Amino acid sequence: CTDASMRIRISQYWDSLGLAPWDGCEDVPWSAAFISYMVREAGGGDGFAYSSAHRDYIKDAFMGGSGLYNSAVDITVETPLVGDLACEGRGTTSSWTFSEFEAWANSASPENIPTHCDVVVATDSANGTITTIGGNLGDTVKQQTESKNTYAVLLSVTRSTKPSDRLVDVGIVVDTSSSFSDDIANFRADAADILLQVTEAY
């Protein structure tokens, strides 16, 4: 809170959502605003449920999504890719599994649960780990590598239905049996690049 450049940057996250110009000095979590800002900067356009609360775009993905993240899957049985969002519960929901999130999303009136999501920037399938970047982690933007099973829900960047022979070079092995369209490929690369730059700036 005493760092002027950090306050300015966090204010940008809130401004992108058209919300009060908070700057990180308030007792208001800004991790979802960070994710929303980065998705927009990476070219998410109208394909994301921008929000100051992670639960809103988690719920949106469970319900079919807005174009960019159209599905929510169990991260313990799926292989995350760069650009995906890895999500988990916080506080009263910290021990929630995918099944509990699914039941919550499909309930008639989902309650406002505490959640958190980070963006996947690298994967190591051999060791079952993922490297993620998230906001408001110890009052800063942080990159960390841990077991993918630390999280419960994976919001996967929508796979293209168009046949393509194009390989996506974003530092990961891509399954050529289900290619990605150019715009999704660019989103993945841009998201990883922008997030890494932001982390270095903090």
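**Val153 and its surroundings in a predicted model**

Leaving aside residues up to four places away in sequence, Val153 touches Phe62, Ala72, Val73, Ile75, Leu85, Ala86, Cys87, Phe98 and Phe101. The structure examined here is a predicted model. Val153 belongs to strand 6, which covers residues 153-157. Its relative accessibility is 0%, and because buried means under 20% relative accessible area, Val153 counts as buried. A further point of reference is Cys117, which lies 36 residues from Val153 along the chain; the C-alpha atoms of these two residues are separated by 9.0 Å.

Several partners of Val153, including Phe62, Phe98 and Phe101, lead to the packing of two helices. Phe62 is in helix 3, whereas Phe98 and Phe101 are in helix 4. Helix 3 spans residues 54-62 and helix 4 spans residues 98-105. The axes of the two helices come within 10 Å and cross at roughly 85°. An angle of 65 to 115 degrees counts as roughly perpendicular, and helix 3 is therefore roughly perpendicular to helix 4. On the side of helix 3, the residues that take part in the contact are Arg55, Ile58, Lys59 and Phe62; they meet Phe98, Phe101, Glu102, Trp104 and Ala105 of helix 4. By character, the residues of this contact comprise 6 nonpolar and 3 charged, with no polar residue among them.

Strand 6 also leads to a polar contact. Val157 is the residue at which strand 6 ends, and the backbone nitrogen of Val157 is reached by the side chain of Asp84 at 2.9 Å. Asp84 is found in the loop between strand 1 (69-74) and strand 2 (85-89). How accessible is Asp84? The relative accessible area of Asp84 is 2%, so this residue, too, is buried under the cut-off of 20%.

These local features can be placed within the chain as a whole. The protein chain has 5 helices and 6 strands, and along the sequence these elements follow the pattern α-α-α-β-β-α-β-β-β-β-α. The chain contains 202 residues, of which 45% count as buried. Considering contacts between residues at least 6 apart in sequence, 59% join residues at least 24 apart. The surface that the chain exposes amounts to about 9700 Å², and carbon and sulfur atoms supply 45% of that area.

Notes: Residues numbered from 1 in each chain as written. Predicted model: local features only at pLDDT ≥ 70, side-chain atom pairs only at ≥ 80, totals over all residues. Heavy atoms only, no water. Axes fitted to C-alpha atoms, helices over the stretch in contact; angles between N-to-C directions. Helix = DSSP H or I, 4+ residues; strand = E, 2+ residues; numbered from the N terminus. Parallel < 35°, antiparallel > 145°, perpendicular 65-115°, else oblique. Contact = heavy atoms within 4.5 Å. Nonpolar A, V, L, I, M, F, W, Y, C, P; charged D, E, K, R; others polar. Buried < 20%, exposed > 50% of the residue type's maximum accessible area, 1.4 Å probe, protein only. Areas by Shrake-Rupley, 256 points an atom, 1.4 Å probe, with all protein chains shown as cover. Polar contact = N/O pair within 3.5 Å; in protein donor to acceptor, adjacent residues only side chain to side chain.
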